[in-house]
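Student: Could you take me through one part of this protein slowly? I would like a close look at its nonpolar core and the pieces around it.

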Amino acid sequence: MGKILIKNGTILTMNQEKQTFKNGYILTKNDVIEEIGQWPADGSKDYLLKEVDEVINADGKAIIPGLINCHTHLFQTYLRGVSDDLVLLDWLQQVIWPGSLAMTEEDFYLAAMIGCIENLKSGATFIMDHHYIHTSPQNDEEVLRAIEESGIRGVMARGGIDMGKESRLNETQDEIFSRTDTLLDRWSGAGHGRVGVAMGPLNLYGCSREFLERAAKFSDTRNLITHVHVAETKDQINHTMARYGLRNLELVEAVGMLGPTTQVVHGVWLDDGELDSIARNQATVVHCPVSNMYLASGVARVPEMLEKGINVALGTDGPGSNNCQDNLEVLKITACLHKVNQLDSTLLPPMQVIEMGTKNGAKAVGREQDLGSLEVGKKADIVIIDLLKAHISPVHRCSSAIVYNANGNDVSHVLVNGRVVVRNGKCTFVDEEEILKQAQVKVDQMRERLASTYPIFGMVD
């Protein structure tokens, strides 16, 4: 991988002191950061220009740690925009379930590859993909292959349900655990350590209590992240109350699943006691503000969570309910949503929001020691954002420009593991145009197959 020198940019390190370097530089060697600081005016570092394999000029640009997208569903790139005006259950029944059941193994590869490209180009160097469509065991392999080939850093939370409303998506418990074991053996540490597998019970209304208890033990034994949808809607609370006499998070705790490696996805309808339980057990809440707005699920109590010391990370959610995976857009929506929800413009200043997307994400995935900030010895997962744009410049505060002005189209370069995976706004590992063309042909064929049974797939503007 060699040495890369990034210079002349404004660096937001997101380290403990929140150091910022104007006219800064970062020297990477192989997959780690070797030096970082302000480029000296006395020429004492000029020798580096001849020693490195590549120099990236970041003049007029911001340099930040790679964003960590802690929740998405990559396969849903095939299903974005089918319908934009449905409540969660109707959306699942009319769009997500029939669409995913009609997808082929090749479709899962193409959909996931598009999702990885989209994440990289909007500043995410790490994704948590909650994958739960197992019509063929090969589906999982194709998603993981896309993650590896794209150059992104990613973990598949291998989703599973044993008593969901759509029976064709159910598996037996033995199938879920044996297939997850196979994936762990095959994929853990693939892609030079970029690829991993986690435990991902899909939700609390499609999983039996026995399955949840087994999943908790499985994760604990294998030291895995547990990634699960919790309290996304009011109806989900009512469901577990009716079935178990417990609220959603109470059930998660009762089955032994709540702990430091637990990612509570959404957490919109958590009460005070549940927030206290999350804080006490040092779990993470993954906040997906765009999806929660899109599906009118509600507004998570993020400012209160942060006050309680809860680690809150950010996610785009799947492109079926966003409809894109613009990780920079999520920063702005996070800040604006909570300001207007509590009528308090002082909430969530830009640096805190960026921290949620970087350091908090690193903590959520158990990688605080080597991800989430730009420091010597940490992985060279780096994002460069072009600020010399009419919708951004002139810049007073770099952090404000990133959160409130920039979007994914402003990402210039991305490094993952010390390799340039996006250069001048284009992915370097894959042929984007060819992938998109192939996917469009396949999606058009899928729509034709579905339109007679599900008219929503035949609708055109």
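Tutor: Happy to help; we will start with the core and then turn to a strand and a helix. This is a predicted model, in which local features need pLDDT of at least 70 and side-chain atom pairs count only at pLDDT 80 or more, while totals for chains, interfaces and linings use all residues. Residues are numbered from 1 along each chain as its sequence is written, and side-chain values use heavy atoms, with hydrogens and water left out.

A nonpolar core is a set of buried Ala, Val, Leu, Ile, Met, Phe, Trp, Tyr and Cys residues joined through side-chain atoms within 4.5 Å. Buried means under 20% relative accessible area, with a 1.4 Å probe and protein chains only. The largest core here has 117 residues, and Y78, I96, I147, V230, I385 and I402 touch the most other members. Helix α3 (residues 105-121) gives the largest share of this core, 10 residues; helices are DSSP runs of H or I, at least four residues, and strands are runs of E, at least two, numbered from the N terminus.

Now look at V230, which lies in strand β10 (residues 226-230). Five of the five residues in β10 are buried. T226, V228 and V230 point one way, and H227 and H229 the other. In a regular strand, side chains alternate between the two faces of the sheet. Five bridges join β10 to the parallel strand β11 (residues 262-266), where V230 stands opposite H266; two strands pair if DSSP finds at least two bridges between them.

I96 is among the buried residues of helix α2 (residues 88-101), along with W91 and L92. The buried residues of α2 pack against α3, α8 (234-244) and α17 (432-450), where contact means heavy atoms within 4.5 Å.

Note on methods: Buried means under 20% relative accessible area, exposed over 50%, partly exposed in between (1.4 Å probe, protein chains only).
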